[in-house]
Amino acid sequence: MNRSFTNLLLRSLDVPLPEKDRRTLEEALRNSPELRAAHTEFMDLRSALRSTGHESLNPFFAERVMERLRHPRVSIEEFYLSVFRFIAAAAAVVVIVCGAYNLSRADALGFDSVFGFHHPTFQQVLTLEAPFE
Amino acid sequence: MNQDLKQSTDGELLQLSRSGDVAAFGELVRRYESKVAATVRGMLGNNEGADDIAQETFIRFYNALDRFREEAAVGTYVTRIAINLSLNELRRRKRRRILFKPLDPGDDVEEPSAAGDFEHFDKKEIVQYALEKLDPKFRAVVTLRLIEGYTTEETASILGVPVGTVLSRLLRAQKKLRTILNTYMEGS
């Protein structure tokens, strides 16, 4: 089945087609039993689907919306997100304070100084001596 | 007063709502409730989640009142919000189904048996089932174009896709629906 005729058929259900397109479609419908079947099938499907149309929600829908507008509720996801943000911000502050403290006690500036890393010597490892003792 | 609101145009109700008149917004909710119901129930089926998404649609609309410039009709605008929220909800359900499949069978659609155990399903339920079997992007086109009766151009504008895409999705959705419906209706 020609795709352009099918598209024309679908468009004809929206708005009246221009005269030229309308004639083309009518002729195609006359000559093609397949296109006629597609037209019938489409109309059947549309009426079946429209029969499922639900036009109402649970009772007092508008009242429930207005209630939510007056008293906004926080969803569980929003609650967890706000808790996570708080914890992340607090953790960042702790990291900065500890880093500043380490830096103030260090001899040189650097990544290891900020995080308080110590590099044990080979001798300290052999004797299982803690590097900072 | 309520009678006055009922007779007001959408533009007047919008203006009143923007100035804080909650009752005017309530009238807009009542006016477009059925449109939003058709969209969310078409997209999500007949369940409690659909009602929540419909509520959220109007909450978002209320929060966007100052940004809404009335270039689109109110109905089209709320439908666009409802479709986007429904698509997000379907994505969320899909993720949840993947993660909690053995624990959470609640979102599964009751499936009519093709073997003949479909007497207790009427035609409407079978069509609804077939609709829910469609991929969300096809379901959106079918809901807007075939159930709500938007034109192809309006459907394309709401979904933000070209007209050609709407037509091709409609054809593919039609084929898939035909396959599903034939399976369940031939025996009934």
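## Working through the helices of chain B

The buried residues of α7(B) are B:Phe138, B:Arg139, B:Ala140, B:Val141, B:Val142, B:Thr143, B:Leu144, B:Arg145, B:Leu146 and B:Ile147. Keep that list handy for Exercise 2. One caution before we start: this is a predicted model.

**Exercise 1. Work out how many helices and strands chain B has, and what share of its residues is buried.**

Solution. Start with the secondary structure: chain B has nine helices and zero strands. Going along the sequence, that reads α-α-α-α-α-α-α-α-α. Next, burial: 37% of the 188 residues of chain B count as buried. Finally, look at how far contacts reach. Take the contacts in chain B between residues at least 6 apart in sequence, and 61% of them join residues at least 24 apart.

**Exercise 2. Decide how far helix α7 (residues 136–147) of chain B is enclosed by the rest of the structure.**

Solution. Step one is to count: ten of the twelve residues in α7(B) are buried. Step two is the conclusion: with that many buried, the helix is largely enclosed by the rest of the structure. Among the buried ones you'll find B:Arg139 and B:Arg145, along with B:Val141 and B:Val142. Step three, go just past the end of α7(B), where B:Gly149 has a positive phi of about 80°.

**Exercise 3. Find which residues touch the most other members of the largest nonpolar core, and which helix gives the most to this core.**

Solution. The largest nonpolar core has 50 residues, and those touching the most other members are B:Val40, B:Ala54, B:Ala82, B:Val141 and B:Val142. As for the helix, α3 (residues 22–44) of chain B gives the most, with ten residues. Now zoom in on B:Val40. Leaving out residues up to four places away in sequence, B:Val40 touches B:Ala50, B:Ile53, B:Ala54, B:Ala82 and B:Ser86. For background, nonpolar side chains tend to be buried together in soluble globular proteins.

**Exercise 4. Is B:Leu13 buried or exposed, and which residues does B:Leu13 touch?**

Solution. First place the residue: B:Leu13 sits in helix α2 (residues 10–18) of chain B. Then apply the cut-off: a residue is buried if 20 or more other C-beta atoms lie within 10 Å of its own. B:Leu13 has 21 of them within 10 Å, so B:Leu13 is buried. For neighbours, skip residues up to four places away in sequence; B:Leu13 then touches B:Leu5, B:Ser8, B:Ala24, B:Glu27 and B:Leu28. One distance to check on screen: B:Leu13 and B:Ala23, ten residues apart in sequence, are 9.1 Å apart C-alpha to C-alpha.

**Exercise 5. Describe how α3(B) packs on helix α4 (residues 48–63) of chain B.**

Solution. The two helices pack at an angle of about 135°, with their axes 9 Å apart. Angles over 145 degrees would count as roughly antiparallel, so α3(B) and α4(B) come out as oblique to each other. Their crossing is right-handed. Who meets whom? B:Phe25, B:Val29, B:Val36, B:Ala37, B:Val40, B:Arg41 and B:Leu44 in α3(B) meet B:Gly49, B:Ala50, B:Ile53, B:Ala54, B:Thr57, B:Phe58 and B:Tyr62 in α4(B). Sorted by class, this contact has eleven nonpolar, two polar and one charged residues.

**Exercise 6. Do the same for α4(B) and helix α5 (residues 74–100) of chain B.**

Solution. Here α4(B) and α5(B) pack at an angle of about 135°, with their axes 9 Å apart. That makes the pair oblique, and the crossing is right-handed. On the α4(B) side are B:Gly49, B:Ile53, B:Ala54, B:Glu56, B:Thr57, B:Arg60 and B:Phe61; they meet B:Val78, B:Ile81, B:Ala82, B:Leu85, B:Ser86 and B:Glu89 in α5(B). By class, count seven nonpolar, three polar and three charged residues.

**Exercise 7. Work out how many residues of chain A touch chain B, and where the largest share comes from.**

Solution. Begin with the totals: 28 residues of chain A are in contact with 32 residues of chain B. In chain A, α1 (3–12), α3 (33–51) and α4 (61–70) each supply at least two residues of the side that touches chain B. The largest share of that side, eight residues, comes from α3(A). By class, this side of chain A has twelve nonpolar, eight polar and eight charged residues.

Notes:
Residues are numbered from 1 along each chain as its sequence is written. Chains are lettered from A and ligands numbered from 1 in the order in which they are written. This is a predicted model: local features need pLDDT of at least 70, side-chain atom pairs count only at pLDDT 80 or more; totals for chains, interfaces and linings use all residues. Helices (H or I, at least four residues) and strands (E, at least two) are DSSP runs, numbered from the N terminus. Two residues are in contact if their C-beta atoms, placed from the backbone, lie within 7 Å. Ala, Val, Leu, Ile, Met, Phe, Trp, Tyr, Cys and Pro count as nonpolar, Asp, Glu, Lys and Arg as charged, and the others, Gly among them, as polar. A nonpolar core is a set of buried Ala, Val, Leu, Ile, Met, Phe, Trp, Tyr and Cys residues joined through C-beta atoms within 7 Å. Axes are lines fitted to C-alpha atoms, for helices over the stretch in contact, and angles run from 0 to 180 degrees between N-to-C directions. Angles under 35 degrees count as roughly parallel, over 145 as roughly antiparallel, 65 to 115 as roughly perpendicular and the rest as oblique. A crossing is left-handed if the near helix is turned anticlockwise from the far one by less than a right angle, and right-handed if clockwise.
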